[in-house]
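The following note sets out several points for a colleague who is beginning to read structures of this kind. Please keep the sequence and the model in view while working through them.

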Amino acid sequence: MLKKGLFKKPNNRLEGAEANKTPKVPVQMMLHCPSCKTMLLEVDLDENCFVCKNCGHHLKIGARKRITLLTDTDSFSELFADLSSVNILDFPEYDKKLEKARTESGETEGVLCGTAAIGGMDCAIFAMEPSFMMGSMGTVVGEKITSLFEFATANALPVIGFTVSGGARMQEGILSLMQMAKVSGAVKLHSDAGYLYITVLTDPTTGGVTASFAMEGDILLAEPHALIGFAGPRVIEQTIRQKLPAGFQRSEFLLEKGFVDAIVPRTQQQAYLAQLLRMHRKEHAL
Amino acid sequence: MNAMNRVNAARAKDRPTALTFIAHIFTQFTELHGDRRFGDDRAMIGGLALLDNIPVTVIALEKGVDTKDKVYRSFGSAHPEGYRKALRLMKQAEKFHRPVICLIDTSGAYCGLDAEERGQGQAIAENLMEMMTLKTPVLSVLIGEGGSGGALALAVADQVWMLENAVYSVISPEGCASILWKDASKVTEAAERLKLTAEDLLALGVIEKILPEADKSWEEIFEDLKENLTSALAKAPKEPEELIKKRYERFRKMGGSRI
C-alpha cells in the first residue's frame, strides 16, 4: 500500500507560496561577466563600479553611469547638452547611424561634459560614450570638449577626462580630423594657464583620440587591461601580416613602456582622483 | 577630374617628393638629424634653409624616389621619433625667431609594433599641442598625400595650403570603403564622400589656398609656391600673441556650431 501523500509536494520552504513571494530577477538586471562568465547582478555591479567581483574585469559602462559612480552624489551638472551632430558632409547612412546611436546610448552625442565634485573638490569633467558610434570623435565631440576646456580655463577648474573611442568619425571626413587640433589647442591654453588635466584611459582608446587629448594630460591614468593605441590591433596585424603578442597595447604594456603614470582600478578611481585634486589645490602651491 | 583621380595623382610615381621641392624652393638646405631621444627618422627630414635669403626651418615628409629609397624612407610614414624630431626643430626655430615651413606628403603615420611601443599617439598629440602656441610663423603645404593624424602633426599652422592635386583626409578611401561598407569596390565613392580634394577643403574652410598645377611645369609650380611662401611670411604678424591667437581661432571655428 502506498504511503499517503507520497506524491504530494513536500512543504519545502524554498518552494510553495513563500518562495513565490520573492521577486523574480528580471533578465536585464543580471548579466554574465564577458571575461569569466560569472553571473553578476546589476545591484552588486553598481556597488563595485561595474567591475566583476570574481575576475576583476572592468565592464563597459556608459558615460552618465561612469560620472554618477565616480563623482560626489548629485554633484554633476551637465554642460553643452544643446549640441548635437548633423550630417554636414551629406555622408550616406550617417543620419541613420546617428539616430541609432542616440537610441542605443540614450545620449545626444559621443561625449558627456559638465562640472562635478570629487571628494568635495570642483572640477570640469568629460566622459566619452562607448555606445555612441564607439565614442568616435566628430565635430560635436570636438566642440564639446574644446568648450569644456575653455570653460575650465575661464573658471580656474581642473579637468578630468575619461576616454573611450574608436578614433575619428569617418562620416565627418576632414572636419573630424581638425577636432584633434582644435581640442589640443584648448588643452594647451588650459595647461599654459596652470591648470591640472587628468585623463583616465579606458577600454578602448585608439586613433585620433589617442593622438590628441587622451595623451595630453598632466597625469595619465588607465583602467586595467584597457586597449590603448594609435593604430588599432587589426590594422597593425593586417599591415605587418603577423599576430600581435599577447598584452600588446594594453594598459600594463603602456605602463612598462612609460606612457601612463599608473593603472587604477575603477573601484579606486574616485579616491585616487580626489587625492590628486587635493594635492593640486592652490593653497598648496608655493 | 574626380576625387579618386586626384588621389591617384597625389600618389603618382613620377610626382616630385619633398626633397625635390626643397631643392627648387630653398637654397643652402642644411639637414639636421635626430630627435635626441631615440634616433633619426628618415621619413621625416628637417633643417635650415634660405627662402629668398631669409633663414627658415624646413620640415618635410619624404616618401623616397625609387624602390630602394622608398624602403629607406619608410614610404614617407614617420615613426614617433620623426614627430619628435620635427618638434625639436620647431622649438629651435622658435628660439631663433625663424619661420617654420612644413611640406607634407604621407599616407599616414607609420603603423607597426615599434611605432606603437614608442608612443605614436603621444608623439602626434604633443605636436598638436605645442604647435598651437609656437611663437613663430608656421606655414604648412600639402604637396601630395595628407594622411590623417600623421599629416596633421605637421599642419597646426597659421595657414595650410594644398597643391591642386594634393589630397588631405581623415582616412584613405580604401580604409573608408573597407571599414564602413566592407566593400573594396566602393573606393571611388569613398574618395568622393570624404571631401578630400583641395577644392573641397577650400570650400570647407580647412585650407587657405590652392596652388594650381594644371598646364604648369613643375618648375613653374615650385616658383609659384616660393613666391607665395615669401609673400605670406612678409605679411605674417610680428607679435607672437597675435600669431597664436589667430592660429587658435583658425582651428576653433572648424565644426560644431549650435543648431
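**Note on helix packing and chain contacts**

1. The first point concerns a pair of helices from two chains. Helix H6 of chain A, residues 173-192, and helix H12 of chain B have axes that come within 9 Å and cross at roughly 135°. This angle makes H6(A) oblique to H12(B), since angles over 145 degrees would be needed for roughly antiparallel. The crossing of H6(A) with H12(B) is left-handed. The model is a predicted one, and the reader should bear this in mind throughout.

2. Which residues meet where H6(A) passes H12(B)? From H6(A) come Met178(A), Ala181(A), Lys182(A) and Gly185(A), and from H12(B) come Tyr248(B), Phe251(B) and Arg252(B). Sorted by class, this contact holds 4 nonpolar, 1 polar and 2 charged residues.

3. H6(A) also packs within its own chain. Its partner there is helix H5 of chain A, residues 139-154; the two pack at an angle of about 10°, and their axes are 9 Å apart. H5(A) and H6(A) are therefore roughly parallel to each other, as angles under 35 degrees are counted in that way.

4. The contact of H5(A) with H6(A) draws on residues along both helices. On H5(A), the residues involved include Val141(A), Ile145(A), Phe149(A) and Ala152(A). On H6(A), they include Leu175(A), Lys182(A), Val183(A), Val187(A) and Leu189(A). By class, 9 nonpolar, 7 polar and 2 charged residues take part. Lys182(A) deserves a second look: this residue of H6(A) meets H5(A), and Lys182(A) is also among the residues of H6(A) that meet H12(B).

5. The wider contact between the chains takes 42 residues from chain B and 43 residues from chain A. On chain B, the elements that each supply at least two residues to the side touching chain A are H5 (113-117), H6, H7 (148-152), strand E7 (167-169), H8 (173-180) and H12 (240-252). Which of them gives the most? It is H6(B), with 8 residues. The side of chain B that touches chain A comprises 25 nonpolar, 11 polar and 6 charged residues.

6. H6(B) has a packing partner in chain B as well. Helix H4 of chain B (residues 80-95) and H6 of chain B (residues 120-132) have axes that come within 8 Å and cross at roughly 20°. H4(B) and H6(B) are therefore roughly parallel to each other, and their crossing is left-handed. Among the residues that meet are Tyr83(B), Leu87(B) and Met90(B) from H4(B), with Ala123(B), Ile124(B) and Met131(B) from H6(B). The contact has 8 nonpolar, 2 polar and 3 charged residues.

7. Chain B as a whole contains 12 helices and 8 strands. Its C-alpha atoms fill a box of roughly 50 × 45 × 40 Å along the principal axes. For 259 residues, a compact globule would have a radius of gyration near 18 Å, and the 17 Å of chain B agrees with this.

8. Chain A is divided by the domain assignment into domain 1 (28-59) and domain 2 (60-284). The C-alpha centres of these two domains lie 23 Å apart. Their contact takes 7 residues from domain 1 and 9 residues from domain 2. On the side of domain 1 that touches domain 2, there are 4 nonpolar residues, 3 polar residues and no charged residues.

Notes:
Residues numbered from 1 in each chain as written. Chains lettered and ligands numbered in written order. Predicted model: local features only at pLDDT ≥ 70, side-chain atom pairs only at ≥ 80, totals over all residues. Axes fitted to C-alpha atoms, helices over the stretch in contact; angles between N-to-C directions. Helix = DSSP H or I, 4+ residues; strand = E, 2+ residues; numbered from the N terminus. Parallel < 35°, antiparallel > 145°, perpendicular 65-115°, else oblique. Left-handed = near helix turned anticlockwise from the far one by under 90°. Contact = placed C-beta atoms within 7 Å. Nonpolar A, V, L, I, M, F, W, Y, C, P; charged D, E, K, R; others polar. Domains from an automatic or database assignment. Rg over C-alpha atoms; globule rule 2.2 N^0.38 Å.
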